[in-house]
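Q: I would like a close look at a single part of this model, followed by a short account of the chain around it. Please take the part itself before the whole.

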Amino acid sequence: MDNYKTVCDKCGRKTWYKTEQQCHCSYFHGDVNVRCTGMLRVIDNSALDDRFTRFYDVGERVEVEWKDGFEDYTGYGYRTEGKKARFYVGKSTGWKPIYLQILRKNSSGGAALLSCAVKSIRGLGIYKN
Ligand SMILES: [Zn+2]
């Protein structure tokens, strides 16, 4: 689990600084060293759904059951009539992170996980490979 306190809203670098301030990093643009003009924003974890934290921390795949009305009939969950979905738990990288549904372990991104649609969560175990 990362415990970074702030994240730059321009370059995305995470830091241990605890307060909002000018980003300290710089990078080469061609052969000119340019200072990042972003702000370090305090990371606000209030939108993270605690129920998924332990699965995110260990990289365990989960199966969620959607609440009535939140079924998804678009094909992915057809074996469960749209009532369940299986995915890895990822996290968005902005200053107000949310958990994401990551379909494959090597996917680079995923869809937002809508907490209010989740009825129950079941861990599917960690595969050693
Ligand atoms: Zn920056």
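Which residues of strand E9 (residues 99-102) lie on one side and which on the other, and are they buried or exposed?

A: In this predicted model, strand E9 is covered on both of its faces: Tyr99 and Gln101 point to one side, Leu100 and Ile102 to the other, and all of them are buried. In a chain of 129 residues of which 15% count as buried, strand E9 thus offers a stretch, residues 99-102, in which buried residues are found on either side.

The strand pairings can be followed from E9 in turn. Strand E8, which spans residues 84-91, pairs with E9 in the antiparallel sense, and four bridges connect them; within this pairing, Gly90 has Leu100 of E9 as its bridge partner. Strand E10, made up of residues 111-112, also runs antiparallel to E9 and is joined to it by two bridges, and here Leu100 is partnered by Ala112 of E10. Leu100 is therefore a bridge partner of Gly90 as well as of Ala112, besides being one of the buried residues of E9.

As for the setting, the protein chain holds one helix and 11 strands, and their order along the sequence is β-β-β-β-β-β-α-β-β-β-β-β. The chain is more spread out than a compact globule, because its radius of gyration is 18 Å, well over the 14 Å that the globule rule gives for 129 residues. Along the principal axes, its C-alpha atoms fill a box of roughly 55 × 30 × 30 Å. Among contacts with a separation of 6 or more, 49% are made by residues 24 or more positions apart.

How values were computed:
Residues are numbered from 1 along each chain as its sequence is written. This is a predicted model: local features need pLDDT of at least 70, side-chain atom pairs count only at pLDDT 80 or more; totals for chains, interfaces and linings use all residues. A residue is buried if 20 or more other C-beta atoms lie within 10 Å of its own, exposed if 12 or fewer, and partly exposed in between; C-beta atoms are placed from the backbone. Two strands pair if DSSP finds at least two bridges between them. The radius of gyration is taken over C-alpha atoms; the globule rule is 2.2 Å times the number of residues to the power 0.38. Two residues are in contact if their C-beta atoms, placed from the backbone, lie within 7 Å.
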